[in-house]
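I opened the notebook to look up how some helices pack. Here is what I went through.

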Amino acid sequence: MHRRGVGAGAIAKKKLAEMSKQLDMFKTNLEEFASKHKQEIRKNPEFRVQFQDMCATIGVDPLASGKGFWSEMLGVGDFYYELGVQIIEVCLALKHRNGGLITLEELHQQVLKGRGKFAQDVSQDDLIRAIKKLKALGTGFGIIPVGGTYLIQSVPAELNMDHTVVLQLAEKNGYVTVSEIKASLKWETERARQVLEHLLKEGLAWLDLQAPGEAHYWLPALFTDLYSQEITAEEAREALP
Amino acid sequence: MAMSFEWPLQPNVDTRQKQLAAWCSLVLSFCRLHKQSSMTVMEAQESPLFNNVKLQRKLPVESIQIVLEELRKKGNLEWLDKSKSSFLIMWRRPEEWGKLIYQWVSRSGQNNSVFTLYELTNGEDTEDEEFHGLDEATLLRALQALQQEHKAEIITVSDGRGVKFF
């Protein structure tokens, strides 16, 4: 007769039981932790980052669903949901100016402005998380890394790798030219032209034929500090026939 | 230096709309600030409004004409001659000025009073009003708008023109 009991299967089972118990304990501790620090989570951006990292380590997504433990116990979901709504409002208000593309910095500035003096502080990390949620909800939001930062896309323009790499190139001066694209990216003229045509078509780029040398393609989304006089969304709306 | 233009304004239709709206807003702000109520197209071409020396950019005359036509459609511009070489520019439309003037008249209980044009825009009584200092051409059009609504009648007075309000 074969001896059963001690063998690979039994060890695995025992390990599993131990791990399960550990995970339960961990979860309970986390819940306790969460309830103690609910206020902190709402008030402190740094704390939120650390909390999120901790959750990620154990494979928990506090923003996974609207109902359930995390959002109810912590109001984490509410916080990011509200932030998501604010982000959408800012993007809508500025869309006429930048075609639906905005730098993370400008978005941050505008969100803080909208929240007023007494509102809780919001970090760029918070914005990215909220936008990731918006993205997952299929709202057309996108995040494009450029230079050392990100461009947030709020209008579902079709942007492929070629387009985003040209956007990254444009970040330096706020504009880009065919020559610059050819020199930096080693592309053929036609490929560069097609990308620029597409950016024009999507309303993300404006054509400047009076620039010295060759046509400049300007990207209002990258302008943030260069405006001296702004036309507000209200004025733009009123001015259109 | 300047390349030949295939497009006087932005090629993308939506972008062009935004561009036109921005230009219209700029023209009105500029004229309001510099208290300019009329201009010739030649002047406009060379003025800092359409010719930005610092940026080394000029709006070509074809585009200027499109902007001016847009302003005309919105009621802020009127051509002063058939050849469209000079124009009246009103940062507020005549109807809007008319409304402001009539509101002042009613508020101060002066319906059925008669004013000279000068009194309206340069009199002591209107010093605090927005239409104080308004140029005569725009004022006339404002009063004509009120006349259409039967709220006023432009009349001749001793040494010029005046208006009676109802």
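Which residues in helix 6 of chain A meet which residues in helix 7 of chain A? I found A:L104, A:E105, A:L107, A:H108 and A:V111 in helix 6 of chain A, and they meet A:Q124, A:L127, A:I128 and A:I131 in helix 7 of chain A. Contact means heavy atoms within 4.5 Å. By class, this contact has six nonpolar, two polar and one charged residues.

This is a predicted model, so I noted that local features need pLDDT of at least 70 and side-chain atom pairs pLDDT 80 or more, while totals for chains, interfaces and linings use all residues. Residues are numbered from 1 along each chain as written, chains are lettered from A and ligands numbered from 1 in written order, and side-chain values use heavy atoms, without hydrogens and water.

Next, the angle. Helix 6 (residues 104-115) and helix 7 (residues 124-136) of chain A pack at about 100 degrees, with axes 10 Å apart. The two helices are therefore roughly perpendicular (65 to 115 degrees).

Then I turned to chain B. In helix 4 of chain B, I listed B:P94, B:W97, B:G98, B:I101, B:Y102, B:W104 and B:V105 as buried (under 20% relative accessible area). Seen down the axis, the buried residues fall within an arc of 155 degrees, so they line one face of helix 4 of chain B. On the other side, B:K99 and B:R107 are exposed (over 50%).

What do the buried residues pack against? I noted strand 6 (114-116), helix 5 (117-122), helix 6 (136-148) and strand 8 (160-165) of chain B. Just after helix 4 of chain B, B:G109 takes a positive phi of about 65 degrees.

How values were computed
Axes fitted to C-alpha atoms, helices over the stretch in contact; angles between N-to-C directions. Helix = DSSP H or I, 4+ residues; strand = E, 2+ residues; numbered from the N terminus. Parallel < 35°, antiparallel > 145°, perpendicular 65-115°, else oblique. Nonpolar A, V, L, I, M, F, W, Y, C, P; charged D, E, K, R; others polar. Buried < 20%, exposed > 50% of the residue type's maximum accessible area, 1.4 Å probe, protein only. Arc of directions from axis to C-beta.
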